[in-house]
Amino acid sequence: MTPTERRIELLKAKTRPAQIARALHISPTGVYRVIDDQVTSDRIQRAIAEAINMPVEKVFPDKYPAHGPGPRVEPLPHRAAS
(Lines give C-alpha, C1' and ligand atoms only; values in the text may rest on other atoms or scores of the structure.)
Protein backbone atom coordinates (compact mmCIF):
# COMPACT_ATOMS: atom_id res chain seq x y z
CA MET A 1 0.00 0.00 0.00
CA THR A 2 1.34 3.42 -0.88
CA PRO A 3 1.36 6.40 1.48
CA THR A 4 -1.48 7.96 -0.53
CA GLU A 5 -3.54 4.78 -0.21
CA ARG A 6 -2.93 4.78 3.54
CA ARG A 7 -4.14 8.36 3.80
CA ILE A 8 -7.26 7.53 1.78
CA GLU A 9 -8.03 4.54 3.99
CA LEU A 10 -7.64 6.69 7.10
CA LEU A 11 -10.09 9.21 5.62
CA LYS A 12 -12.56 6.41 4.85
CA ALA A 13 -12.21 5.20 8.45
CA LYS A 14 -12.78 8.78 9.65
CA THR A 15 -9.54 8.60 11.60
CA ARG A 16 -6.96 11.35 11.60
CA PRO A 17 -3.27 10.74 12.20
CA ALA A 18 -3.50 13.13 15.15
CA GLN A 19 -6.02 10.78 16.81
CA ILE A 20 -3.59 7.88 16.46
CA ALA A 21 -0.81 10.08 17.84
CA ARG A 22 -2.87 11.02 20.90
CA ALA A 23 -3.71 7.38 21.58
CA LEU A 24 0.00 6.47 21.41
CA HIS A 25 1.14 9.58 23.34
CA ILE A 26 3.40 10.73 20.50
CA SER A 27 3.48 13.71 18.15
CA PRO A 28 1.37 13.64 14.99
CA THR A 29 4.57 14.15 13.02
CA GLY A 30 5.68 10.66 14.02
CA VAL A 31 2.51 9.14 12.60
CA TYR A 32 2.79 11.12 9.36
CA ARG A 33 6.41 10.06 8.93
CA VAL A 34 5.43 6.39 9.28
CA ILE A 35 2.52 6.83 6.85
CA ASP A 36 4.96 8.35 4.33
CA ASP A 37 7.58 5.58 4.81
CA GLN A 38 10.15 8.04 6.16
CA VAL A 39 10.44 6.19 9.49
CA THR A 40 9.71 2.63 10.58
CA SER A 41 7.95 1.95 13.87
CA ASP A 42 6.25 -1.35 14.59
CA ARG A 43 3.99 0.20 17.22
CA ILE A 44 2.81 3.04 14.94
CA GLN A 45 2.44 0.78 11.90
CA ARG A 46 0.23 -1.59 13.88
CA ALA A 47 -1.87 1.32 15.20
CA ILE A 48 -2.40 2.63 11.66
CA ALA A 49 -3.38 -0.83 10.41
CA GLU A 50 -5.78 -1.26 13.34
CA ALA A 51 -7.33 2.16 12.67
CA ILE A 52 -8.16 1.19 9.09
CA ASN A 53 -9.12 -2.37 10.07
CA MET A 54 -6.58 -4.05 7.81
CA PRO A 55 -3.74 -6.47 8.48
CA VAL A 56 -0.42 -4.73 9.02
CA GLU A 57 1.08 -7.01 6.34
CA LYS A 58 -1.24 -5.44 3.76
CA VAL A 59 -0.77 -1.85 4.93
CA PHE A 60 3.04 -2.08 5.13
CA PRO A 61 3.88 -5.04 2.84
CA ASP A 62 7.52 -4.06 2.40
CA LYS A 63 8.08 -4.11 6.18
CA TYR A 64 6.26 -7.34 7.09
CA PRO A 65 6.47 -10.75 5.45
CA ALA A 66 3.23 -12.17 4.08
CA HIS A 67 3.94 -15.34 6.04
CA GLY A 68 6.47 -15.74 8.75
CA PRO A 69 7.51 -15.02 12.29
CA GLY A 70 6.99 -11.26 12.47
CA PRO A 71 8.16 -7.85 11.38
CA ARG A 72 11.32 -7.30 9.39
CA VAL A 73 12.00 -4.22 11.47
CA GLU A 74 13.77 -4.16 14.79
CA PRO A 75 11.74 -2.57 17.59
CA LEU A 76 13.41 0.31 19.37
CA PRO A 77 14.98 -0.67 22.70
CA HIS A 78 13.09 0.54 25.75
CA ARG A 79 14.91 2.86 28.08
CA ALA A 80 14.60 2.52 31.81
CA ALA A 81 12.79 5.40 33.47
CA SER A 82 15.11 7.80 35.26
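## A tour from helix α1 outward

Begin by selecting D37 and R6, whose side chains meet in a salt bridge with an N to O distance of 3.3 Å; the term salt bridge here requires a side-chain nitrogen of Lys or Arg within 4 Å of a carboxyl oxygen of Asp or Glu. This pair links distant parts of the chain, since D37 lies in the loop between α3 (28-35) and α4 while R6 belongs to helix α1 (residues 3-12), 31 residues apart. Helices in this tour are DSSP runs (H or I, at least four residues), numbered from the N terminus. The model is a predicted one, in which local features need pLDDT of at least 70 and side-chain atom pairs count only at pLDDT 80 or more, whereas totals for chains, interfaces and linings use all residues. Residues are numbered from 1 along each chain as its sequence is written, and side-chain values use heavy atoms, with hydrogens and water left out.

Colour the two partners by accessibility next: R6 counts as buried at 0% relative accessibility, whereas D37 is partly exposed, with a relative accessible area of 32%. Buried means under 20% relative accessible area, exposed means over 50%, and partly exposed is in between (1.4 Å probe, protein chains only).

Now move to R7 and D36, where another salt bridge has its N and O atoms 2.9 Å apart. Here too distant parts of the chain are linked, R7 being in helix α1 and D36 in the loop between α3 and α4, 29 residues apart. R7 is partly exposed at 34% relative accessibility, and D36 is partly exposed at 27%.

Keep α1 selected and look along its axis. Its buried residues R6, E9 and L10 cover an arc of only 100 degrees around the axis, which puts them on the same side of α1; the arc is taken from the directions from the helix axis to the C-beta atoms. On the face turned away from that buried side are the exposed residues T4, L11 and K12. Show the surroundings as well, and the cover over the buried residues of α1 includes α2 (17-24), α3, α4 and α5 (56-59). After α1 comes K14, whose phi is positive, near 55 degrees.

Select α2 together with α3, which pack at an angle of about 120 degrees with their axes 8 Å apart. That angle makes α2 oblique to α3. Axes are lines fitted to C-alpha atoms, for helices over the stretch in contact, and angles run from 0 to 180 degrees between N-to-C directions; under 35 degrees counts as roughly parallel, over 145 as roughly antiparallel, 65 to 115 as roughly perpendicular, and the rest as oblique. To see the interface in side-chain detail, display P17, A18, I20 and A21 of α2, which meet P28, V31, Y32 and I35 of α3.

Finish in helix α4 (residues 42-51), where A49 is found. A49 counts as buried at 2% relative accessibility, and, leaving aside neighbours within four places in sequence, A49 is in contact (heavy atoms within 4.5 Å) with M54, P55, V56 and V59. A C-alpha to C-alpha distance drawn from A49 to E9 reads 9.6 Å, although the two are 40 residues apart in sequence.

In the same helix, R46 forms a salt bridge with D42, the closest N and O atoms being 2.9 Å apart. Being four residues apart in helix α4, R46 and D42 are separated by about one helical turn, and R46 is partly exposed at 38% relative accessibility. A search of the whole structure finds five salt bridges.

Methods
Helices (H or I, at least four residues) and strands (E, at least two) are DSSP runs, numbered from the N terminus.
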